[in-house]
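Student: I am new to this structure. Please pick one part, take me through it closely, and then show me what surrounds it.

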Amino acid sequence: MKRLFLLTLLGLLPLSGVSAETFKERQLAQAIASARTPQAKGLAIAKMADYRDSGWGDSEAKMKMILRNRQGRSSRRNVRVRTLEVFGDGDKGMSIFDTPRDVKGTVVLTWSHALKPDHQWIYLPALKRVKRISSRNKSGPFMGSEFAYEDIASQEVKKYTYRYLRNEYLRNESNNWINCYVVERKPTYRYSGYTRQVSWIDKQHFNSQKIVFYDRKNARLKTLIFKDYRQYLGKYWRAHKMFMQNHQTGKSTKLLWEKYQFGSGFTARDFSKNTIKRIR
Amino acid sequence: MQWIANDVFVEYFDESFEFRRATDFATENLSGIYDIHYSLSAGEPEGLSNPVFLQKVEAFAQWYRQQPEVMHVSTITDTFKRLNKNMQRDDPAYYRLPEQRDLAAQYLLLYEMSLPYGLDVNNQINIDKSATRVAVTLETLSSNELLAIEERAQQWLKENGLSSMQVPGASTSIMFANIGSRNIRSMLFGATVALVLISFILIVALRSVKFGLISLIPNLAPTAMAFGLWGLLVGQVGLGLSVVAGITLGIVVDDTIHYLSKYLRARREKGLSPPDAVRYAFHSVGLALWVTSVALVAGFLILSLSHFYVNSSMGIMTAVTIALALIADFLFLPPLLMKLEENKA
């Protein structure tokens, strides 16, 4: 019966013009559809999301970070973010501060890793010196925001174990209903700040729409909402607004992204400890 | 009145309480539970990194550290100094504040980036980095001592601080010290005013200016005597005691009215002489006053067994005041009446 089904499936494939890409994608879709356990289905969804977002190479974008406290007071930072896709490990990232004025030119370099602690360096222009930052720090706050490093680092499949929970429609900012998979994931990294996360992933593009974070005591800690997804290179989706609300402290952080550029031709050499001294 | 209106909140509880023993232990071995916090502003967003401001904050913290009542001062300037040293290869000569604004800001960014899970700098610095908290931990102090040290700090800030740094110290300790001293003074003042006003009402009720004014004496004397006694024997009036005048007011006035109205009835309706009218008043209300007073004194004395200072001091003082009120009405008011009405007999 199963063989017959597979034969039918193969028969349906058009004989010409089937790229390896489409084939891989169909395999992954098949894995989601035929998964027998919630764990297998969750993993298949994560693999598909990862597959959909691989191959973009490098990117550069401007990010505005708006921090807000419970009383509504806020502060802003402008940062340029460069990212290099790394196959088989976490991506490499570089944040270059433009404002506030006093920290202009400060560069933070991060080599994220799936299961090992990240590597991180900071270049302080006033001191003209590069310093290593404590390496177990994935769970710490990212630049004083409500985002932790692990929230914004590249989402490697290996970083979590997965469990599919249900399908759910989620209403987006333009009042459309988005059909989503709801997947619970548990960090495999020992020093993660979370026991689990519940994520809403849309079925069409496999973009994260919403993530709820549960702290080490398994109490609801934060909710992250992604908005304004735009497509680049005809394939890769990037959210241009990310809103993180901390439910325990009442503080929130908004990340506004603009001027995404792909294909600048960065290499590993541009993301080394020694180059960050020369970045402008 | 300043010198007697005072409270040591920790000492509300005697040593039979776990809380008191734990607090005493903590104060002796760890750190005090009394604190004052200052939100010192640099006057502009990101202004925290201004070296002039940092030096002022440092000087303020140093001044506080020299005060004898102070156990600990926590300030962000220590973090800056430590970072400066760390970044200069742990050279102790660099254990000082950074002298450039951008360097200070970049240290702070580095510090923010290195904090572990669950921590941020917002317990020490506000969100736009325009102000920082200086937290002062103090020994166990009375409310007056606490207000006095804050007063000295205000003086220091006025003389040495930037204009943006002129802020009052804040904490629950300061709040309760202010509540306490204000409450004590206004309770005592209010009770005194009430007693005087009651005497004016008595002028109308007894239809006699003279007896209304005479009533002032047995109304005010017991409370004044009780607080005088307390002042001689104990010396300070806390929040608990300040309510005594209010509590006893009704009973003290009650005693006076009963006595005076019977006396007046004997004088006006029965036409008795002052000594006979005194005898009549004793005869008709003496026992009743005696019994209610004894019952109330016994009742309030039970409170004196409390380990909670507010209750025990209040119980003792109320009992003493009621007893003094009875004594005043039985031993002081009759001769006073007879003396003042001597020529009318």
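Tutor: What follows starts with one strand, then widens to its chain and to the other chain. First, some ground rules. This is a predicted model, in which local features need pLDDT of at least 70, side-chain atom pairs count only at pLDDT 80 or more, and totals for chains, interfaces and linings use all residues. Residues are numbered from 1 along each chain as its sequence is written, chains are lettered from A and ligands numbered from 1 in the order in which they are written, and side-chain values use heavy atoms, with hydrogens and water left out.

Now the close look: β3 of chain A, residues 92-99. Helices (H or I, at least four residues) and strands (E, at least two) are DSSP runs, numbered from the N terminus. Of the 8 residues of β3(A), 7 are buried, so the rest of the structure largely encloses this strand. Buried means under 20% relative accessible area, exposed over 50%, and partly exposed in between, using a 1.4 Å probe and protein chains only.

Next, the partners. Two strands pair if DSSP finds at least two bridges between them. β3(A) pairs with β2(A), residues 74-84, over 7 bridges in the antiparallel sense. With β4(A), β3(A) shares 5 bridges, again antiparallel. Look at Ile96(A) in β3(A). Ile96(A) is the bridge partner of Arg80(A). Ile96(A) also stands opposite Val107(A) in β4(A).

Follow the chain out of β3(A). A loop leads from β3(A) to β4(A), residues 107-111, and Pro100(A) lies in that loop. The peptide bond joining Thr99(A) to Pro100(A) is cis, with omega about 0°.

Two other strands of chain A hold backbone oddities. In β11(A), residues 220-232, sits Asp228(A). Asp228(A) is not a glycine, yet its phi is positive, about 55°. In β13(A), residues 252-262, sits Lys259(A). The phi of Lys259(A) is also positive, near 55°, and this residue is not a glycine either. Lys259(A) has 57% relative accessibility, so it counts as exposed.

Now step back to chain A. It has 4 helices and 13 strands. Half of the picture is interior: 50% of its 280 residues count as buried. Its C-alpha trace spans about 70 × 40 × 40 Å along the principal axes. The radius of gyration is taken over C-alpha atoms, and the globule rule is 2.2 Å times the number of residues to the power 0.38. Chain A has 20 Å, which agrees with the value near 19 Å for a compact globule of 280 residues.

Chain B has another make-up. Its secondary structure comes to 11 helices and 3 strands. Its radius of gyration is 30 Å, well over the 20 Å that the rule gives for 345 residues, so chain B is more spread out than a compact globule. Its C-alpha trace spans about 100 × 40 × 30 Å. Of its 345 residues, 49% count as buried.

Contacts come last. A contact means heavy atoms within 4.5 Å. In chain A, 44% of contacts between residues at least 6 apart in sequence join residues at least 24 apart. In chain B, residues 24 or more positions apart account for 72% of the contacts with a separation of 6 or more.
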